[in-house]
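The following paragraphs lead the reader through a protein structure, step by step. The sequence and the structure are shown first.

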Amino acid sequence: MVLEDGTVVRSDRPVVALCACRRSRIFPWCDTSHREIRGTGGPAAAHRPPPAAEPSQREAQ
């Protein structure tokens, strides 16, 4: 697999899944780290996009 920066990444596993959430410790391969993340915080919190801002009550009315 060739990454965006041109780096070639190989896997010795017969079957792999690509990580789409970027939480994997072995990115670009999926290690199911996304299953560990519940709520806020955790080791992958830095890789998550910030939550969408909700309009305040005044703006919504």
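**A guided reading of the structure**

Arginine 25 is an exposed residue, with a relative accessible area of 56%. The model in which this residue is found is a predicted one. Arginine 25 offers a convenient point of entry, for its side chain meets that of aspartate 31 in a salt bridge, with 3.8 Å from N to O. The count of salt bridges comes to one. Aspartate 31, the partner in this pair, is partly exposed, its relative accessible area being 22%.

Before these residues are followed further, the overall composition deserves a brief description. The protein contains one helix and zero strands. Of its 61 residues, 13% are buried. The protein exposes about 5,500 Å², and carbon and sulfur atoms supply 52% of that area. Among the contacts with a separation of 6 or more, 11% are made by residues 24 or more positions apart. The helix, α1, spans 57–60, and serine 24 is located in the segment before it.

Serine 24 is the next residue to examine. Is serine 24 buried or exposed? Its relative accessibility is 10%, and a residue counts as buried under 20%, so serine 24 is buried. What does the side chain of serine 24 reach? It reaches the backbone oxygen of tryptophan 29, at 2.5 Å. A polar atom of the serine 24 side chain also lies 3.0 Å from the backbone nitrogen of isoleucine 26. Apart from neighbours within four places in sequence, serine 24 is in contact with Cys19, Trp29, Cys30, Asp31 and Ser33.

Two of these contact partners, Asp31 and Ser33, are themselves joined to each other. The side chains of serine 33 and aspartate 31 form a polar contact of 2.5 Å. Aspartate 31 thus takes part in this polar contact and in the salt bridge with arginine 25. Serine 33 is placed in the segment before α1. With a relative accessibility of 3%, serine 33 counts as buried. Leaving out neighbours within four places in sequence, the contacts of serine 33 are with Arg23, Ser24 and Arg25. Arginine 25 is therefore linked to aspartate 31 by the salt bridge and is exposed, while it is also in contact with the buried serine 33.

Another contact partner of serine 24 is Cys19, and this residue leads to the question of disulfides. A disulfide is a covalent bond between the sulfur atoms of two cysteines. How many disulfides does the count give? The count comes to zero. Cysteine 19 is in no disulfide, and the nearest cysteine sulfur, belonging to cysteine 21, is 3.8 Å away. Cysteine 21 is likewise in no disulfide, its nearest cysteine sulfur being that of cysteine 19 at 3.8 Å. Why are these two cysteines not counted as a pair? The sulfur atoms would have to be within 2.5 Å, and the separation is 3.8 Å, so the pair does not qualify. As regards accessibility, cysteine 19 counts as buried at 12%, whereas cysteine 21 counts as partly exposed at 29%.

The residues around these cysteines can also be placed by their distances to other parts of the chain. Alanine 20 is found in the segment before α1, and it is exposed, with a relative accessible area of 80%. Alanine 20 and histidine 34 are 14 residues apart along the chain, and their C-alpha atoms are separated by 9.6 Å. Cysteine 21, which also belongs to the segment before α1, is 11 residues from threonine 32 in sequence and 9.8 Å from it in space, C-alpha to C-alpha. Threonine 32 is partly exposed, with a relative accessible area of 32%.

The backbone geometry completes the description. Most residues other than glycine have a negative phi, and most peptide bonds are trans. Threonine 32 has a positive phi of about 65° although it is not a glycine. Arginine 22 also has a positive phi, near 65°, and is found in the segment before α1. The peptide bond from phenylalanine 27 to proline 28 is cis, its omega being near 20°. Proline 28, too, has its place in the segment before α1.

How values were computed:
Residues numbered from 1 in each chain as written. Predicted model: local features only at pLDDT ≥ 70, side-chain atom pairs only at ≥ 80, totals over all residues. Heavy atoms only, no water. Helix = DSSP H or I, 4+ residues; strand = E, 2+ residues; numbered from the N terminus. Buried < 20%, exposed > 50% of the residue type's maximum accessible area, 1.4 Å probe, protein only. Polar contact = N/O pair within 3.5 Å; in protein donor to acceptor, adjacent residues only side chain to side chain. Contact = heavy atoms within 4.5 Å. Salt bridge = Lys/Arg side-chain N within 4 Å of Asp/Glu carboxyl O. Areas by Shrake-Rupley, 256 points an atom, 1.4 Å probe, with all protein chains shown as cover.
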